[in-house]
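Please take a moment with the sequence and the model before reading on. The paragraphs that follow lead through them step by step.

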Amino acid sequence: MISFRQKGDFSKLTRYFERVKEAAKLGSLDKYGREGVAALASATPVKSGKTASSWYYKIDHSQGSASIGFYNSNVNKGVPIAIILQYGHGTRNGGWVQGRDYINPAIQPLFDKIAEDAWREVTSV
């Protein structure tokens with residue numbers, strides 16, 4: 001048989017979670033969204049500039065959490081151009097155009113900054 005006993009309350013844990021919740025303010029998320037779009041636009045390979053200028057973001061809130069999604073609206077004949085630039089694509093004559101990993105290196109510093117800022121906010125007194 002396993003049993004547990006607990007003394008005291010969860011006030012410190014509750015305060016911690018309140019600080020975590022406050023760390024993800026909408027204004028901060030909007031700032032990160034703008035920064036992410038700028039980073040993706042500047043890293044996108046440019047031929048016409050349409051793909052680079054087609055980045056946008058959405059902030060979604062659900063059940064006490066929030067997320068930022070980055071999207072690109074440049075689609076040609078059902079093909080998302082940002083994706084084929086990233087992963088490569090076949091050509092009409094059977095050739096292959098190698099992709100270039102430009103999304104991950106562009107957005108990773110922003111993810112690191114979000115994590116660092118959130119941690120600083122949560123651990124500040």
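## A walk through the model

Asp 30 is partly exposed, because its relative accessible area is 26%, a value that falls between the 20% limit for buried and the 50% limit for exposed. This residue is a convenient place to begin, and it should be kept in mind throughout that the model is predicted. The side chain of Asp 30 meets that of Arg 34 in a salt bridge, with 2.4 Å from N to O. Arg 34 is likewise partly exposed, with a relative accessible area of 46%. Because the two residues are four apart in helix α2, about one helical turn separates Asp 30 from Arg 34. Side chains of opposite charge can pair when their charged atoms come close.

The search of the whole structure finds four salt bridges, and helix α4 offers further examples. There, Glu 116 forms a salt bridge with Arg 120, in which the closest N and O atoms are 3.5 Å apart, and these two residues of helix α4 are four residues apart, about one turn of the helix. Glu 116 is partly exposed at a relative accessible area of 48%, and Arg 120 is partly exposed at 45%. Asp 117, by contrast, counts as buried, because its relative accessible area is 17% and buried means under 20%. Asp 117 also forms a salt bridge with Arg 120, the closest N and O atoms being 2.6 Å apart, and since the two are three residues apart in helix α4, they are separated by about one helical turn. Through salt bridges that share partners, Glu 116, Asp 117 and Arg 120 are joined into one network.

With these pairs located, the overall layout can be set out. The protein has four helices and six strands, and from the N terminus on its elements follow the order α-α-β-β-β-β-α-β-β-α. Of its 125 residues, 22% count as buried. The accessible surface comes to about 9400 Å², and 56% of that surface belongs to carbon and sulfur atoms. Among the contacts between residues at least 6 apart in sequence, 47% join residues that are at least 24 apart.

The interior comes next. In soluble globular proteins, nonpolar side chains tend to be buried together. Here the largest nonpolar core is made up of twelve residues, namely Leu 29, Tyr 32, Val 37, Leu 40, Trp 55, Phe 70, Ala 82, Tyr 102, Ile 103, Ala 106, Ile 107 and Leu 110. Helices α2 and α4 each supply at least two residues of this core. Leu 110, one of the core residues, is in contact with Tyr 32, Glu 35, Gly 36 and Phe 70 when its neighbours within four places in sequence are left aside.

What does the side chain of Thr 44 make a polar contact with? Its partner is the side chain of Trp 55, at 2.8 Å, and Trp 55 is itself one of the residues of the largest nonpolar core. Thr 44 is found in the loop between α2, residues 26-43, and β1, residues 55-62, and it is buried, because its relative accessible area is 3%. Not counting residues up to four places away in sequence, Thr 44 touches Thr 51, Ala 52, Trp 55, Leu 85 and Tyr 102.

Another loop, the one between β6, residues 96-98, and α4, holds Arg 100. Arg 100 counts as partly exposed, because its relative accessibility is 47%. With residues up to four places away in sequence again left out, Arg 100 touches Ala 43, Pro 45, Leu 85 and Gln 86. Leu 85 is thus among the residues touched by Thr 44 and among those touched by Arg 100. The C-alpha atoms of Arg 100 and Ile 83 are separated by 9.8 Å, the two residues being 17 apart along the chain.

The last stop is on the surface, where Leu 13, Tyr 16, Phe 17 and Trp 119 form a nonpolar patch with about 430 Å² of accessible area together. Helix α1, residues 11-23, gives the most to this patch, with three residues. Trp 119 is found in helix α4, residues 103-123, and Trp 119 counts as exposed, because its relative accessibility is 55% and the limit for exposed is over 50%. Helix α4 therefore appears in several parts of this account: it holds Trp 119 of the patch, it holds Asp 117 and Arg 120, and it supplies at least two residues of the core.

Definitions and conventions: Residues numbered from 1 in each chain as written. Predicted model: local features only at pLDDT ≥ 70, side-chain atom pairs only at ≥ 80, totals over all residues. Heavy atoms only, no water. Patch = residues over 30% accessible without salt bridge, like charges linked within 9 Å, V, L, I, M, F, W, Y side chains within 5 Å. Areas by Shrake-Rupley, 256 points an atom, 1.4 Å probe, with all protein chains shown as cover. Buried < 20%, exposed > 50% of the residue type's maximum accessible area, 1.4 Å probe, protein only. Polar contact = N/O pair within 3.5 Å; in protein donor to acceptor, adjacent residues only side chain to side chain. Contact = heavy atoms within 4.5 Å. Core = buried A, V, L, I, M, F, W, Y, C linked by side-chain atoms within 4.5 Å.
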